[in-house]
Amino acid sequence: MSSEMIIRRYRASDQDVVTDLWSRAVRQAHPFVDGEGEGERARVLREVYLVQAENWVAERAGSVIGLLGLLHGGPGEGDGGGPGAEVGGLFVAPEAQGGGAGRELLEHAAALHGALALEVFEGNGRARRFYAHLGFTERGRRTDEETGHPLIALERAAPLKSVSWLHLRDGRLLSVRTRGNDTFYLPGGKYEPGETAREALSRELHEELGLVVPAEELSEAFVIHDVAHGKSGRRLHMTCFTGGPQNIAPAPGREIAEFAWFDRREARERCAPAHAQVVNRLIAQGRMPA
């Protein structure tokens with residue numbers, strides 16, 4: 001079983017390892033750029049970007065495997081996010097690519113800043129497919145003055161930020177359906193201005209199911225990134241919590257048509273897309289039967 005990935009701030013002591021992974025990653029991604037990964041471009045990375053940008057690294061089993069650099073003054077404010085940021089660079093060590101480090105770094109940036117913008121070389125087909133899969137769309141093109149190669153500008157709206165409650169009974173997951181909708185969701189919803197995640201979930205549980213679950217009794221379990229159901233491809237950042245009473249008697253509020261406890265198959269068939277990730281996590285933790 002692979003070690004858990006950690007996303008943390010870049011430290012000056014990371015310089016040598018991130019410079020090495022950057023060099024190997026860009027040489028692989030940009031074979032069409034003369035002198036890529038070395039010389040003046042390496043100096044600019046060390047002396048400018050690693051000093052001036054907001055840098056984050058992905059670490060697994062004590063080894064740094066990815067680097068993300070953010071520049072502020074991005075694409076603008078959106079629901080569920082901050083003022084936005086520009087991704088100055090995203091690099092994953094070649095041997096670690098495909099393991100989720102790039103996605104986790106990007107979603108971390110979106111959770112902090114909301115909307116994201118970036119540029120990618122037209123010739124970097126793998127990166128273009130990666131960003132398209134994560135919901136980025138083209139907003140323009142230009143020629144890079146330094147290399148002479150075409151660049152494609154991409155952007156993605158801020159993710160919808162929500163909170164959800166994980167309540168299991170005999171290995172079955174509590175889900176709710178709103179009126180006029182045939183899809184089930186986890187209990188929870190969006191934040192209101194000024195609320196913390198726990199406060200938002202405590203309020204939502206009372207409004208949806210008539211439950212009194214104090215915010216301080218809720219513990220963060222994990223975060224799910226997926227496509228928001230029915231939102232035209234908008235991304236979802238859903239923080240899931242456990243805690244609160246186990247023996248409950250839900251009393252649905254006016255927006256809730258029904259509630260149910262679903263097993264693995266029912267949850268995947270009748271619930272919003274993010275449910276599949278939630279179920280997989282719960283199975284991996286031994287909380288739902290496989």
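**Entry 1: aromatic rings**

I began with Y131 and F136 in this predicted model, and found that Y131 is buried and that F136 is buried as well. I then asked how the two rings face each other, and since the centres of Y131 and F136 lie 5.5 Å apart with the planes at 70°, I noted the pair as edge-to-face. The cut-off I needed for that step is that planes over 60 degrees apart count as edge-to-face. Looking around this pair, I saw that ring pairs join F130, Y131 and F136 into a cluster. For the structure as a whole I wrote down 5 aromatic pairs.

Another of these pairs is formed by F184 and F262, whose ring centres are 4.9 Å apart and whose planes stand at 80°, so I entered this pair too as edge-to-face. I looked up where the two partners sit: F184 belongs to strand β11 (residues 184-185) and F262 to strand β15 (residues 256-262), so the contact ties together parts that are 78 residues apart in sequence. Both ends of the contact are covered, as F184 is buried and F262 is buried too.

**Entry 2: charges over rings**

Which side chains lie over the face of Y191 and of W261? Over Y191 I found K161, at 5.9 Å from the ring centre, and over W261 I found R169, at 3.9 Å from the ring centre. For K161 I kept in mind that the cut-off for NZ of Lys is within 6 Å of the ring centre.

**Entry 3: the largest pocket**

I next looked up the largest pocket, for which I noted a volume of about 1,400 Å³. Its lining is made of 50 residues, and those that lie nearest the centre are H30, G88, G89, L90 and F91. Which element gives the most to this lining? I found that β4 does, with 7 residues, and I noted that β4 spans 85-92. Among the other elements that each supply at least two residues are the helices α1 (15-29), α2 (39-52), α3 (101-113) and α4 (125-133), together with the strands β3 (63-72) and β5 (116-121). Sorted by residue type, the lining of the largest pocket comes to 27 nonpolar, 13 polar and 10 charged residues.

**Entry 4: the second largest pocket**

For the second largest pocket I wrote down a volume of about 1,100 Å³. I counted 29 lining residues here, with E4, M5, E104, V223 and R281 lying nearest the centre. The elements that give two or more residues to this lining are β1 (5-9), α3, β13 (218-227), β14 (235-243) and α7 (274-284). By type, the lining of the second largest pocket divides into 10 nonpolar, 11 polar and 8 charged residues.

While I was on β13, I looked at I224, which has its place in that strand and is buried, with a relative accessible area of 0%. I also noted that the C-alpha atom of I224 is separated by 7.0 Å from that of Q277, although the two residues are 53 residues apart along the chain.

**Entry 5: cysteines**

How many disulfides does the model hold? The count comes to 0, and I checked C240 and C271 to see why. The closest cysteine sulfur to that of C240 belongs to C271 and is 13 Å away, which is too far for a bond, since a disulfide needs the two sulfur atoms within 2.5 Å. Seen from the other side, C271 is in no disulfide either, and the nearest cysteine sulfur to it is that of C240. I recorded C240 as buried, with a relative accessible area of 0%, and C271 as buried, with a relative accessible area of 10%.

**Entry 6: positive phi angles**

Most residues other than glycine have a negative phi, so I looked up where the model departs from this. A61 has a phi near 55°, a positive value in a residue that is not glycine. I found A61 in the loop between β2 (54-60) and β3, and at 61% relative accessibility A61 counts as exposed, because the cut-off for exposed is over 50%.

D170 likewise has a positive phi, of about 55°, although D170 is not a glycine. I placed D170 in the loop between β9 (168-169) and β10 (172-178). Is D170 buried or exposed? I noted D170 as exposed, with a relative accessible area of 76%.

Terms used. Residues numbered from 1 in each chain as written. Heavy atoms only, no water. Phe/Tyr/Trp six-rings, centres within 6.5 Å; stacked < 30°, edge-to-face > 60°. Buried < 20%, exposed > 50% of the residue type's maximum accessible area, 1.4 Å probe, protein only. Helix = DSSP H or I, 4+ residues; strand = E, 2+ residues; numbered from the N terminus. Lys NZ or Arg CZ within 6 Å of the ring centre and 35° of its normal. 1 Å grid on protein atoms, 1.4 Å probe; cavity = no way out; pocket = protein on both sides within 12 Å on 5 of 7 lines; lining within 4 Å. Points joined across faces, edges and corners; volume = space filled by probe spheres on them. Nonpolar A, V, L, I, M, F, W, Y, C, P; charged D, E, K, R; others polar.
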